[in-house]
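Biologist: I should be grateful for a close look at one part of this model, the surface that meets the nucleic acid. Please set out the individual atom pairs and then the make-up of the surface as a whole.

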There are 2 protein chains.
Amino acid sequence: MTTGPEVPANRTATLTDVAKLAGVSIATASKAINGRGEVRATTRVRVLEAAELLSFAPNALARGLLSGRTGTVGLLTSDLEGRFSIPILMGVEDAFGAGQVSVFLCDARGDAIREKHHVRALLSRRVDGLIVVGSRTDPRPPLAGNIPVPVVYVYAPSANPDDISITVDNVGGGQLAIEHLLSCGRRNIAHITGEAGFQAARDRADGAAAALAAAGLRMIGHRPYFGSWDESWGRAAAHMVVEQHPEVDAIFCGSDQIARGVLETLRDLGRDVPGSTSVIGFDNWDAVAAHSRPRLTSIDMNLKRLGAVAGQRLFAAIDSATAPSSEEFPGRIVIRESTVPIG
Amino acid sequence: MTTGPEVPANRTATLTDVAKLAGVSIATASKAINGRGEVRATTRVRVLEAAELLSFAPNALARGLLSGRTGTVGLLTSDLEGRFSIPILMGVEDAFGAGQVSVFLCDARGDAIREKHHVRALLSRRVDGLIVVGSRTDPRPPLAGNIPVPVVYVYAPSANPDDISITVDNVGGGQLAIEHLLSCGRRNIAHITGEAGFQAARDRADGAAAALAAAGLRMIGHRPYFGSWDESWGRAAAHMVVEQHPEVDAIFCGSDQIARGVLETLRDLGRDVPGSTSVIGFDNWDAVAAHSRPRLTSIDMNLKRLGAVAGQRLFAAIDSATAPSSEEFPGRIVIRESTVPIG
DNA sequence: GACGTCGCTGAAAAGGTTTGCAGGCGTACT
DNA sequence: AGTACGCCTGCAAACCTTTTCAGCGACGTC
């Protein structure tokens with residue numbers, strides 16, 4: 001009937017089909033394909049040809065059922081819309097080689113019920129481990145219930161110190177930003193940032209304050225300008241800062257979007273950036289930071305690396321029970337044209 | 001030893017454990033849990049209590065091995081960085097209820113080799129179907145090899161008309177934009193867009209030209225200004241347009257980023273937006289469109305809906321063989337402050 | 001030429017769930 | 001009270017792969 005020899009109709013080929021076609025037992029076929037045991041070279045070739053011909057792919061379900069390892073990992077995120085999850089997700093994917101481990105992606109949308117559903121489904125699918133990505137850096141409640149597989153929390157740490165958490169050093173990020181501005185000779189530095197309810201905003205502000213204090217300085221207005229994370233707050237706050245403190249010569253912004261707003265207002269007010277006022281953003285969101293005029297210096301949180309580390313830690317924890325740990329990773333500064341030494 | 005009764009140590013509970021605890025056979029336990037067969041109410045309760053106590057979750061591997069259905073779907077994307085995949089991905093997740101179907105996410109990064117690896121891994125995991133998301137709207141080569149499960153192509157259609165493809169109506173999007181500008185009384189309309197190598201750019205331009213022709217008009221310069229998709233091209237092109245055709249009273253931009261650049265240049269040149277020149281973008285990328293000054297009217301491609309439809313089509317194709325189809329979905333206009341009736 | 005050893009192959013079990021089929025017991029009706 | 005029917009329960013097979021163990025054949029050596 002069909003051209004191919006013994007190609008099963010509507011069914012994917014099984015090891016039995018391959019063995020039959022190669023004229024060996026399924027045990028020999030398995031060994032030939034996996035390189036296990038001693039199989040004569042000619043036999044192996046025959047089996048591999050048969051497998052190729054039938055486009056045989058070993059059934060990972062059966063394999064997992066037997067070995068107890070599925071080679072799958074669940075990734076639980078809270079905000080796919082947000083731009084934090086994606087780089088982390090890519091880092092995780094990189095950590096496991098392509099095709100070695102497959103990632104189940106679930107978006108809980110910040111809903112605890114939905115999260116529970118997803119966890120249940122993932123455990124039922126016998127994932128080897130879980131990665132939980134938060135949408136903000138505030139500690140989050142650990143997964144409820146007895147989770148029989150390792151869990152790694154990324155970006156948002158678990159509130160339980162017995163868990164494994166990987167986070168960004170936001171305090172250090174704030175310091176980085178200020179130190180760069182100081183190295184540019186700036187002394188009158190303001191800080192415009194997002195909602196004070198966010199740990200990230202407070203941490204960055206604390207880092208900034210600490211770096212300034214180390215240089216014997218205080219930030220303009222003696223406190224950060226907390227507001228929201230978007231451009232309009234950047235525009236509004238920049239107006240306030242310039243009006244109240246015209247001596248300002250640098251503004252550290254809590255997000256690139258805020259920085260965009262700040263840039264726009266400074267431009268409106270006729271203040272030269274970076275000459276008279278340098279501006280630095282946070283997140284290094286390429287679409288926003290790399291296309292402004294002038295292009296924005298920004299703190300990059302290395303989220304992709306964060307995800308890769310999470311993948312590695314999870315991998316280690318799967319292989320052998322690992323001690324709880326809480327790691328914080330520094331960001332790095334990406335210098336563009338919005339900051340420049342005074343002169 | 002432990003407080004819980006017979007809770008297995010480092011092993012997840014199996015149906016045998018539940019049955020033993022409830023004092024029934026595994027068959028009865030299975031039927032009680034799945035509501036199959038006739039089981040006495042009291043027995044069922046006893047089994048369910050035992051399952052709850054052991055936090056039993058049926059092994060989806062074993063179930064899938066037997067039934068041939070895994071309740072998993074592979075989602076193959078080419079650009080996670082890009083902002084097209086994510087809304088589509090969310091739509092797909094929505095289409096399958098939470099916990100019903102789990103999604104394997106794979107990013108091929110535009111690499112055919114990597115894509116082949118991922119497909120192989122997914123088929124080996126016995127996914128019930130595949131969704132392929134493109135990064136641009138140009139038709140893409142269909143997946144190579146014999147794929148024994150249904151495949152749905154989203155955003156980028158398959159080059160093979162025998163496949164199932166779900167795409168955006170870019171021509172219609174271009175028309176929408178122009179019709180809105182015409183309804184605002186604009187007559188001297190320019191079109192600044194991305195690379196001519198992109199089908200999306202050409203389609204939107206064609207739609208724009210058609211809508212203008214229907215009104216007896218031609219676009220300013222008699223052709224679109226093709227360039228790149230970013231702000232700097234928007235700035236540069238806007239300079240050219242205004243210089244060469246000062247009579248321009250509206251600009252239709254191929255992306256929100258281009259529109260941002262256009263807005264900035266118009267502002268620099270002292271042209272009032274939306275009064276003297278209206279501007280409309282494309283993509284309705286919230287972070288970009290909703291925070292500019294003025295906020296940007298834009299064409300939204302309804303990507304989330306696109307993903308949801310893809311999920312539904314895949315679901316239907318899994319349940320029963322479906323005829324090939326190629327569907328195109330219209331976008332919608334989101335009106336903000338950058339467009340306004342003349343006068 | 002015979003025996004031993006090594007190299008190769010195959011039979012069988014395990015992993016957890018679902019389901020068809022058969023059997024057992026209880027109840028109701030005659 | 002007996003029989004029949006129906007409700008409920010349990011045994012066993014099947015899904016597909018991996019791995020252990022045993023067996024067979026061939027070759028080499030004595």
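Modeller: On DNA strand C, a phosphate oxygen is placed 3.3 Å from a side-chain N or O atom of Thr28(A). That pair is a polar contact, a term that denotes two N or O atoms within 3.5 Å; within protein, one atom must be able to donate a hydrogen and the other to accept it, and residues adjacent in sequence count only if both atoms are side-chain atoms. This is a predicted model, in which local features need pLDDT of at least 70 and side-chain atom pairs count only at pLDDT 80 or more, while totals for chains, interfaces and linings use all residues. Residues are numbered from 1 along each chain as its sequence is written, chains are lettered from A and ligands numbered from 1 in the order in which they are written, and side-chain values use heavy atoms, with hydrogens and water left out.

The backbone also takes part in the contacts with DNA strand C. A polar backbone atom of Arg40(A) is 3.2 Å from a phosphate oxygen of this strand. From chain B, Leu15(B) brings a backbone N or O atom to 2.5 Å from a phosphate oxygen of DNA strand C. Leu15(B) also belongs to the residues that come nearest to DNA strand C, together with Ser25(A), Lys31(A), Thr43(A) and Arg63(B), out of 26 residues around the strand. A residue is counted as near a strand if one of its heavy atoms lies within 4 Å of it.

As for the DNA side, 62% of the atoms of DNA strand C within 4 Å of the protein are sugar or phosphate atoms, and the rest belong to bases. On the protein side, at least two residues each are supplied by α2 (26-34) and α4 (60-67) of chain A and by α2 (26-34) and α4 (60-67) of chain B. These elements are DSSP runs numbered from the N terminus, helices being H or I runs of at least four residues and strands E runs of at least two. The greatest contribution to the surface near DNA strand C is made by α2(B), with five residues. By class, this surface has 13 nonpolar, seven polar and six charged residues. Here Ala, Val, Leu, Ile, Met, Phe, Trp, Tyr, Cys and Pro count as nonpolar, Asp, Glu, Lys and Arg as charged, and the others, Gly among them, as polar.

Turning to DNA strand D, there are 25 residues around it, of which Thr14(A), Leu15(A), Arg63(A), Lys31(B) and Thr43(B) are the closest. Of the atoms of DNA strand D that come within 4 Å of the protein, 66% are accounted for by sugar and phosphate.

Individual pairs can be named for this strand too. Arg36(A) has a polar side-chain atom 3.1 Å from a phosphate oxygen of DNA strand D. In chain B, Ser25(B) places a backbone N or O atom 2.8 Å from a phosphate oxygen of the strand, and Thr28(B) places a polar side-chain atom 3.1 Å from a phosphate oxygen. The elements giving two or more residues to the surface near DNA strand D are α2 and α4 of chain A, together with α2 and α4 of chain B. Five residues, the largest share of this surface, come from α2(A). Its residues comprise twelve nonpolar, seven polar and six charged ones.
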